[in-house]
Amino acid sequence: MRTRRRTLDSRSLLLDNESRDALPSASSVDSSLLPLSTAAAAAAATTTTTVVTPGDLTGTPLLKSNVWEYFERCINVTPLKAKCLLCAEELLTPNYGTSSLKRHLAQRHNLKQFGSILSSRSSTTTVILSKTEKKKLDSLAIDAIIKDSRAFGDFQKAGFKKFMDVLKPGYKAPTRNNVVKKLKRLHQHHTIQTKFEFEQANYLSITCDFWTNRQQKSFLVITGHYIDKDFNEHSKILKFITFEERHFSPLIAQEIEKQLISLGLYDKLVTITCDGAANMRDMFTYFTRRKIKYIHCLAHKLHLIICNSLNLWVTTKKRRNTTTTETDAENSTEEEDAEDESQITLNQMIRTMSVDIHNISNENNYSDSEHDDESKEDDNAHGESQSDHEVTDSISDEEDWVNEEDDDDEITDNFIEGVNTEEIALNDIQQKVREVIDIARAIVTTTKRTSILSTFIEKKRIHVNLSLSKRKKIKRTLSSDVKTRWNSTFKMLTSMQIYRDIINDMFKSKGSLGLTLKQRLKLTSIELSTDQWDLLELIISILEPFYSATKVLSNRSYPTIGSALYIIRGLEEHLQKEENNPLLNSLKTLVFIKFRHYMFGDTDQFNTFKLYGYFDPTGFSVLTKTEKGSIEKELVVIYKKEFESSSLTSLSSSSTSSDSRQTTKLSNIDKAWQGFLKITNKDLQTEVFMNPTIFWKEHAIDLPLLSRMARCYLSAPATSVQSESAFSISAHYGRKERSRLTPENLAMSVCLKDKL
């Protein structure tokens with residue numbers, strides 16, 4: 001006979017239905033009650049055991065749970081356990097509780113009488129998910145966190161837990177720590193996968209740039225691009241890492257070389273596309289390989305052309321009679337709004353979106369307004385405009401490298417490099433342009449930060465929309481501009497033009513709006529005259545082709561240098577065209593001077609564009625006969641030196657069968673191209689417009705030697721848009737609400753978002 005003795009303590013004297021049941025005597029269990037079919041189980045049921053209980057000591061019998069008809073207490077074990085007499089499984093019984101035993105009988109042995117007891121004590125029934133299902137749900141949760149840039153602890157919040165309890169009972173989402181662990185494993189997996197994918201590349205081109213977050217942590221991004229043997233394009237983020245060193249050229253070159261060597265890609269590197277900052281240009285002298293070609297980002301060149309030709313950010317001396325500048329209006333507005341309890345914060349402002357460059361007055365395919373939701377959904381139901389001539393942004397808001405935010409959210413990168421911000425003397429036309437832009441900035445800033453004015457404009461917008469058709473409704477708001485993106489100034493000016501009548505009504509009604517005397521005086525000082533409104537429209541007309549070109553260059557399907565060459569020639573022709581308006585011609589001259597400086601001043605860069613553009617039907621179409629002959633002679637030398645020693649027999653002007661075209665469904669990049677061609681007055685039917693990879697898929701067999709060179713030269717992006725796109729994503733990840741996100745986790749998240 002076995003004897004079990006229960007040690008008495010304060011816990012054993014507490015009796016309840018859940019966790020303080022007394023231990024039964026084995027002799028008191030009737031074997032007929034046990035649903036046992038084996039001899040061993042019957043023997044276990046008839047085993048006699050003496051148990052000392054509080055009831056034995058006091059002479060009062062204790063109530064015992066009927067769960068002990070199916071369990072037996074394990075002796076001399078820590079922690080406390082009980083053995084199931086049905087399946088011999090041992091279960092923990094903390095503090096002599098029986099909840100786990102009842103749950104086991106209900107779920108494993110389907111004894112419903114114990115299940116009903118548990119359900120009566122709990123609002124929800126516990127459901128155990130299989131490991132496979134749990135793993136699948138966890139994987140989906142991690143994907144959602146990466147793709148939607150959610151906080152790692154979002155799924156642990158009370159609201160989401162309640163939602164999941166109803167949607168999927170029994171599922172517990174991964175905790176913050178588990179998310180970080182899974183991110184590291186996933187990042188390691190995709191790094192290996194990317195390395196394997198790019199092993200197939202014969203010629204690699206990369207883009208690179210730096211970005212600084214709110215905590216002043218610096219990051220380096222490297223994106224890789226190559227064209228495989230079947231002329232399919234491949235483009236991915238190779239590395240997004242923290243960069244703690246000073247941004248000196250030798251250190252930058254050393255880090256890039258180190259990262260590419262770790263991926264086994266350094267020896268395949270042909271070109272690097274980056275901005276024109278001095279440290280980025282000089283780093284090429286520090287690579288251990290000397291045949292790496294530098295491509296100056298065309299988007300950065302356009303940025304410098306517009307900023308420095310129109311003097312968007314130069315410092316000018318303030319005159320007493322000169323119109324109040326943006327800074328004066330901004331400071332005074334902040335003082336006045338301190339007294340207004342209903343002031344709107346910048347974070348409540350509606351973000352600005354892309355303006356339709358073909359119908360600048362009202363129509364817009366995008367909206368950030370909280371109003372007209374129905375119209376917004378209808379216009380974007382298929383992801384593109386319903387109008388034949390509207391240009392659709394080819395990349396999402398999060399990935400758009402063009403900054404759409406207010407000044408405090410300005411992207412910090414090298415696009416500010418080269419922008420003239422020093423004090424200079426301006427001629428009469430330059431001064432007029434600068435005054436119009438300063439006044440526009442002051443109006444936008446004042447109306448945004450003064451609740452009375454912002455409310456007036458919003459009510460007017462709603463009233464005006466009542467009399468407009470759905471497609472002509474004003475859906476956007478006044479937007480600010482930033483130094484790092486020239487087209488933010490273009491969007492600010494176009495938003496001013498859209499709101500022209502409303503803004504004029506605001507100035508006319510300033511006496512009845514309840515403004516203070518000081519506010520009225522400030523508002524009067526920034527009122528645009530009719531001539532200034534006309535000048536604003538002329539500036540917009542000059543910038544429209546540049547904005548359209550930027551949309552083409554900003555496409556996620558990276559633009560080739562051939563398409564960039566076509567854009568350069570198109571903009572050159574646009575600026576040289578004489579207009580009937582003398583003031584417009586003067587403005588074109590200002591822009592064209594800077595255009596020639598940045599596009600043609602660096603002869604080596606422009607010759608590189610012509611050489612690489614030769615392999616793109618679009619770029620080839622804008623080369624002169626003399627340029628084609630010169631390039632073909634150069635290619636013969638290059639082929640013999642760098643590709644093969646065999647003769648280049650197929651290299652001749654006959655290779656220009658770029659007239660062959662393929663009719664396919666228009667993509668976003670196609671529509672962007674059509675927008676640029678229309679603005680620059682090109683004939684859509686006669687212009688050569690073709691994806692170069694499609695051309696070479698058709699003609700690679702006919703031109704085997706040239707096709708090999710084409711895979712090398714066509715892989716080079718004309719812009720660093722992929723790097724800028726990564727910065728837009730990282731800026732969203734590093735927003736104020738996620739200030740706890742470590743630099744390492746941010747870098748992993750950006751890389752994984754590109755892969756998933």
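This passage looks at aromatic rings, a helix pair and two buried residues in a predicted model.

Residues are numbered from 1 along each chain as its sequence is written, and side-chain values use heavy atoms, with hydrogens and water left out. Since the model is predicted, local features need pLDDT of at least 70 and side-chain atom pairs count only at pLDDT 80 or more, while totals for chains, interfaces and linings use all residues.

Aromatic rings come up a lot here: the structure holds 21 aromatic pairs, where rings of Phe, Tyr and Trp (its six-membered ring) pair if their centres lie within 6.5 Å. One of them joins Phe695 and Trp696, with 5.1 Å centre to centre and 90 degrees between the planes, which makes the pair edge-to-face (planes over 60 degrees apart; under 30 is stacked and the rest tilted). Both partners are tucked away: Phe695 is buried at 2% relative accessible area, and Trp696 is buried too, at 3% (buried means under 20%, exposed over 50% and partly exposed in between, with a 1.4 Å probe and protein chains only). Ring pairs also link Phe695 and Trp696 into a cluster with Phe231, Tyr612, Tyr614, Phe615, Phe620 and Tyr713.

Charges turn up over rings as well (NZ of Lys or CZ of Arg within 6 Å of the ring centre and within 35 degrees of the ring normal). Arg289 sits over the face of Tyr266, 5.7 Å from the ring centre, and Lys301 does so over Phe609, at 5.5 Å.

Turning to helices (DSSP runs of H or I, at least four residues, numbered from the N terminus), helix 7 (residues 176-198) packs against helix 28 (residues 743-755) at about 50 degrees, with the axes 10 Å apart. The axes are lines fitted to C-alpha atoms over the stretch in contact, and angles run from 0 to 180 degrees between N-to-C directions. The two helices are therefore oblique to each other (neither under 35 degrees, nor over 145, nor 65 to 115). On the helix 7 side, the residues that meet helix 28 include Leu183, His187 and His190, and on the helix 28 side Met748, Ser749 and Leu752 are among them.

Leu183, in helix 7, is buried at 1% relative accessible area. Its C-alpha atom is 8.4 Å from that of Leu752, although 569 residues separate the two along the chain. Not counting residues up to four places away in sequence, Leu183 touches Ile146, Phe152, Met748, Ser749 and Leu752 (contact means heavy atoms within 4.5 Å).

Thr93 lies in the loop between strand 5 (90-92) and helix 3 (99-107) (a strand is a DSSP run of E, at least two residues). Thr93 is buried, at 0%.
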